[in-house]
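User: Could you walk me through this one? I'd like to start with the charged contacts and then move on to the helices and the surface.

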Amino acid sequence: MKILKSPFFIVCCVLFLLHQLLQKGLGISFAYLDSYLDTLLAMPIVLTLLIAERRVLFRRGDNYRLTVLDVVVATFFIVVVSEVVFPAFSDRFTPDWLDVVCYVLGSILFYFFINPGSSRESI
């Protein structure tokens with residue numbers, strides 16, 4: 001599937017995996033990266049997989065892309081679940097509004113660098 005071969009998507013996945021290997025596997029810690037890199041990379045990865053899922057399961061075609069509304073709703077859902085719901089039910093989760101900024105920035109990066117055709121059209 002062409003969307004999964006996007007260089008930006010691949011870079012996001014490699015950075016995420018490399019960070020997890022360093023942090024969890026080797027015990028190497030970088031304060032700001034540990035706090036914000038995964039949240040920055042989450043939306044480009046999740047939204048790209050959402051396009052792939054819709055193309056395969058719903059047969060939307062290879063030119064299918066997410067609308068601005070799709071991206072906003074998905075970002076809102078992830079933010080609410082990870083920054084409001086999870087911290088309300090577990091002390092292991094801490095709400096951080098800089099995470100919200102990272103999720104939104106990641107969604108913007110996805111929209112312009114991965115979502116097919118988005119950079120050529122106005123918002």
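Analyst: Let me first fix the term: a salt bridge here is a side-chain nitrogen of Lys or Arg within 4 Å of a carboxyl oxygen of Asp or Glu. Please also keep in mind that this is a predicted model.

User: How many salt bridges does that rule give?

Analyst: The count by this rule comes to 1 salt bridge. Arg54 pairs with Asp70, and their closest N and O atoms are 3.6 Å apart. The pair links distant parts of the chain, since Arg54 sits in helix 2 while Asp70 belongs to helix 3 (residues 68-89), with the two positions 16 residues apart in numbering.

User: And Asp70, what is its relative accessible area?

Analyst: Asp70 has a relative accessible area of 23%, and therefore counts as partly exposed.

User: Switching to helix 1, how many residues does it have, and what does it reach from its first C-alpha to its last?

Analyst: Helix 1 has 19 residues and reaches 25 Å between its first and last C-alpha, which is close to the 27 Å expected at 1.5 Å a residue.

User: Which residues in it are buried?

Analyst: In helix 1, the buried residues are Phe9, Cys12, His19 and Gln20. They lie on the same side of helix 1, because they cover an arc of only 100° around the axis. On the other side of helix 1, Pro7, Leu17 and Gly25 are exposed.

User: What covers the buried ones?

Analyst: The cover over the buried residues of helix 1 includes helix 2 (31-57).

User: Any backbone angles I should look at, say, what comes after helix 1?

Analyst: Helix 1 is followed by Gly27, which has a positive phi near 70°. Another residue to look at is Arg59, whose phi is positive at about 50° although Arg59 is not a glycine. Arg59 lies in the loop between helix 2 and helix 3, and with a relative accessible area of 75% it is exposed.

User: Last topic, the surface: which residues form the nonpolar patch?

Analyst: The nonpolar patch on the surface is formed by Met1, Leu4, Leu49, Val56, Leu57 and Phe58, which together have about 570 Å² of accessible area.

User: Where is Met1 placed, and how does it count for exposure?

Analyst: Met1 is in the segment before helix 1 (7-25), and Met1 counts as partly exposed because its relative accessibility is 37%.

How values were computed. Residues numbered from 1 in each chain as written. Predicted model: local features only at pLDDT ≥ 70, side-chain atom pairs only at ≥ 80, totals over all residues. Heavy atoms only, no water. Patch = residues over 30% accessible without salt bridge, like charges linked within 9 Å, V, L, I, M, F, W, Y side chains within 5 Å. Areas by Shrake-Rupley, 256 points an atom, 1.4 Å probe, with all protein chains shown as cover. Helix = DSSP H or I, 4+ residues; strand = E, 2+ residues; numbered from the N terminus. Buried < 20%, exposed > 50% of the residue type's maximum accessible area, 1.4 Å probe, protein only. Expected span 1.5 Å × (residues − 1). Arc of directions from axis to C-beta. Contact = heavy atoms within 4.5 Å.
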